[in-house]
Amino acid sequence: NIGIYSVHAALQGANVEAFEPEPTNLTFLKTNLLNNNCLDRVHIHACAVGSSNGVQKLQLSENSGLHSLKRDVVRQATLELDVNVCSLDYALVDHSSPTNRIVAIKVDTEGFETEVLRGSSSIIQRFKPVWMVEYWRQGLPTEPEVIQFEEQLRMAGDYIYAVEENR
């Protein structure tokens, strides 16, 4: 997450919650928000998102957009980094004011999408947000995993659907 969607949403007037656990990407995120004068509309969480709170190993890829918490997803993983992980329910519902609304959630977690959805049950019930999820079959390598994820996404509410075969 280097802020492309966060900047766009903030410039449209949205209040944004952005999550990024990897220090270099986090620096890019902050720089992009600062350069676009929208740092005041974006609350940055220096953590990954999953189904529960804790610390997990982030598999680092040579491509900074392909880091993953899911083991064996990152091709040519060069390093592992211990990162804080929180559920969206914990970060956004348990610690938000009752007047806050969650309208949309954009997810790109390189194979960890099912865990993000599992950690969002209160958000799904309370706000019924639109989900924008980028995922690739290498991150969900078996057909049952893909079917389970797509069913979770359908149950979560509205979502934007697009297919990109090659990545």
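**Two cores and a one-sided helix**

In this predicted model, the largest nonpolar core has 21 residues, and those touching the most other members are Phe19, Leu88, Leu92, Ile105, Ile123 and Trp131. Several elements build this core: helices H3 (88–93), H4 (113–118), H5 (121–127) and H6 (143–156), together with strands S6 (104–108) and S7 (130–134), each supply at least two of its residues. H3 gives the largest share, with 4 residues.

To get a feel for this core, pick out Leu88 on your screen. Leaving aside residues up to four places away in sequence, Leu88 touches Phe19, Val49, Gly50, Val93, Ile105, Val116, Gly119, Ser120, Ile123 and Trp131. Another core, of 9 residues, lies apart from the largest one; among its members are Ala10, Leu26, Leu29 and Val42.

Ala10 is a good way into our next stop, helix H1, which covers residues 4–11. Here Ala10 is buried, and so are Ser6 and Val7. Why do the buried residues of H1 line one face of the helix? Looking down the axis of H1, you would find them within an arc of 100 degrees, so they share one face. Now turn to the face pointing away from that buried side: it carries Ile4, Tyr5 and His8, which are exposed.

What covers the buried residues of H1? The cover includes strand S1 (16–19), helix H2 (23–35) and strand S2 (42–45). Finally, follow the chain just past the end of H1 and you will meet Gly13, which takes a positive phi of about 100 degrees.

Methods: Residues are numbered from 1 along each chain as its sequence is written. This is a predicted model: local features need pLDDT of at least 70, side-chain atom pairs count only at pLDDT 80 or more; totals for chains, interfaces and linings use all residues. Side-chain values use heavy atoms; hydrogens and water are left out. A nonpolar core is a set of buried Ala, Val, Leu, Ile, Met, Phe, Trp, Tyr and Cys residues joined through side-chain atoms within 4.5 Å. Buried means under 20% relative accessible area, exposed over 50%, partly exposed in between (1.4 Å probe, protein chains only). Contact means heavy atoms within 4.5 Å. The arc is that of the directions from the helix axis to the C-beta atoms.
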